[in-house]
Amino acid sequence: MNAKKDSLDDLFGPRKGSSETREQMMKSIESVGSRTKQKVEDENGTMTMQGTPWGSYGMDAKKYLSRFADNFENIATLPKRLAARHERGEHVLVVDVCGVADAKSIGADHTIGFTLQKFAGIPDTESRTIVAGDIFVTKDVNRLMRAIDAQNTPVSCVFMSPIAGLLKYGEHVATHVKLYALLSKLYTRMAQDGDIYADILDFPYSAAILANSLNRLSSKPFCETNQISFRDVRGQSSTAVATIHIFKHRDAPRSLPSIDQLPLSDEDLARLSAMKL
């Protein structure tokens with residue numbers, strides 16, 4: 001028997017492997033649901049007091065250029081690259097996951113924002129559509145995909161910068177599976193030479209595992225990372241991935257495999273197996 005395949009089947013297989021693994025997965029799913037419920041309550045409270053769920057909620061997408069500039073220099077050329085798409089007659093679509101920042105100022109024809117709730121005080125505009133939903137809920141993610149597909153054009157760029165929006169969800173197999181499902185669906189809809197800039201500091205090991213796995217799918221890497229150093233709970237020095245940039249270049253795969261088919265290293269598999277509440 002292939003030990004690695006058995007481990008993957010145990011984590012991601014149709015029956016989720018052992019009874020212990022299934023129990024852990026159910027605990028993870030319940031934890032995610034509980035955290036989302038709390039986030040909704042927090043947003044509603046902040047909205048009542050301040051008129052906005054959080055301070056950066058409606059910010060212009062230009063701020064993403066500076067947010068990611070220290071980690072990925074090529075983001076400075078993004079407006080020029082989007083302008084070049086215009087010159088080629090392309091419809092430029094940008095998606096903001098965990099936010100509703102309008103990307104019109106950097107060259108987008110249309111922006112789709114995906115955020116936990118849709119508030120009346122932050123309406124759709126001619127250049128922006130807001131889709132309400134939870135990135136950890138499949139039907140909500142599918143609603144986002146339908147909104148993207150309705151534009152009848154590939155996605156030129158995706159931003160994911162949740163600030164503190166994903167704090168306290170916990171890094172475990174259930175969140176890892178959901179994050180990969182979202183990434184995979186977005187990647188499939190990306191235009192050639194499209195970009196995904198993601199700040200997922202709250203899931204540093206998931207980010208590292210995904211980046212390592214994706215780069216094994218192509219002879220030319222297409223996922224770069226920014227690593228940070230920190231001290232873990234035991235006081236030991238460690239490193240983790242804070243942000244990632246995926247560039248769908250000509251040699252990159254057109255779509256991503258199912259999560260159980262990702263080429264994981266033994267170290268990555270061990271990390272995944274250790275992700276428990």
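This is a short walk through the helices of one protein chain, followed by a few individual residues.

Please keep in mind throughout that what we have here is a predicted model. To set the scene, the protein chain holds 8 helices and 7 strands, and of its 277 residues, 48% are buried. If we take the contacts with a separation of 6 or more, 69% of them are between residues 24 or more positions apart.

Let me begin with helix H5, which runs over residues 138–149. As a check on its geometry, the 12 residues of H5, at 1.5 Å a residue, should span 16 Å, and the C-alpha atoms at its ends are indeed 16 Å apart, so the expected and the modelled values agree. Which residues of H5 are buried? They are Asp140, Val141, Leu144, Met145, Ala147 and Ile148. Looking down the axis of H5, we find these buried residues within an arc of 160 degrees, and therefore they line one face of the helix. The face that is turned away from this buried side carries Lys139 and Arg146, both of which are exposed.

What do the buried residues of H5 pack against? Their partners are four strands, namely E1 (93–97), E2 (110–115), E3 (128–132) and E4 (155–160), together with helix H6 (173–188).

That brings us to the pairing of H5 with H6. In general, two packed helices are described by the angle between their axes and the distance between the axes. For H5 and H6, the axes come within 11 Å and cross at roughly 10 degrees. Because an angle under 35 degrees counts as roughly parallel, H5 is described as roughly parallel to H6. The crossing in which H5 passes H6 is right-handed. On the H5 side, the residues that meet H6 are Thr138, Val141, Asn142, Leu144, Met145 and Ile148, and on the H6 side their partners are Lys178, Leu182, Lys185 and Leu186. Among these, Val141, Leu144, Met145 and Ile148 belong to the buried residues of H5.

Turning to H6 itself, the same check on length can be made: its 16 residues should span 22 Å at 1.5 Å a residue, and its end C-alpha atoms lie 22 Å apart, which agrees. The buried residues of H6 are Val173, Ala174, Thr175, His176, Leu179, Tyr180, Leu182, Leu183, Ser184, Leu186 and Tyr187. Two of the names that we met in the contact with H5, Leu182 and Leu186, are therefore buried residues of H6.

H6 has a further helical partner in H7, which covers residues 204–215. Here the two helices pack at an angle of about 45 degrees, with their axes 11 Å apart, and H6 and H7 are therefore oblique to each other. The crossing of this pair is right-handed. The contact is made by His176, Tyr180 and Leu183 from H6, which meet Ser206, Ile209, Leu210 and Leu214 from H7.

One more helix deserves a word, and that is H8, at residues 266–273. Its buried residues are Asp268, Leu269 and Leu272, and they cover an arc of only 100 degrees around the axis, which puts them on the same side of H8. On the other side of H8 we find Asp266 and Glu267, which are exposed.

Now for some single residues, beginning with backbone angles. Asn152 has a phi near 55 degrees, which is a positive value in a residue other than glycine. Where does Asn152 lie? Asn152 sits in the loop between H5 and E4, and with a relative accessible area of 70% it is exposed. Asp193, also a residue other than glycine, has a positive phi near 65 degrees. Asp193 is placed in strand E5, residues 190–199, and at 34% relative accessibility it counts as partly exposed.

Finally, two pairs that are separated along the chain. Ala84, in helix H4 (residues 78–87), is partly exposed, with a relative accessible area of 24%. Between Ala84 and Gly107 there are 23 positions in sequence, while their C-alpha atoms are 9.5 Å apart in space. The other pair involves Asn226, which is found in strand E6, residues 223–231. Asn226 and Asn71 are 155 residues apart in sequence, yet 6.0 Å apart from C-alpha to C-alpha. Leaving aside residues up to four places away in sequence, Asn226 touches Asn71, Phe72, Ala240, Val241, Ala242 and Thr243.

Conventions. Residues are numbered from 1 along each chain as its sequence is written. This is a predicted model: local features need pLDDT of at least 70, side-chain atom pairs count only at pLDDT 80 or more; totals for chains, interfaces and linings use all residues. Side-chain values use heavy atoms; hydrogens and water are left out. The expected span of a helix is 1.5 Å times one less than its number of residues. Buried means under 20% relative accessible area, exposed over 50%, partly exposed in between (1.4 Å probe, protein chains only). The arc is that of the directions from the helix axis to the C-beta atoms. Contact means heavy atoms within 4.5 Å. Axes are lines fitted to C-alpha atoms, for helices over the stretch in contact, and angles run from 0 to 180 degrees between N-to-C directions. Angles under 35 degrees count as roughly parallel, over 145 as roughly antiparallel, 65 to 115 as roughly perpendicular and the rest as oblique. A crossing is left-handed if the near helix is turned anticlockwise from the far one by less than a right angle, and right-handed if clockwise.
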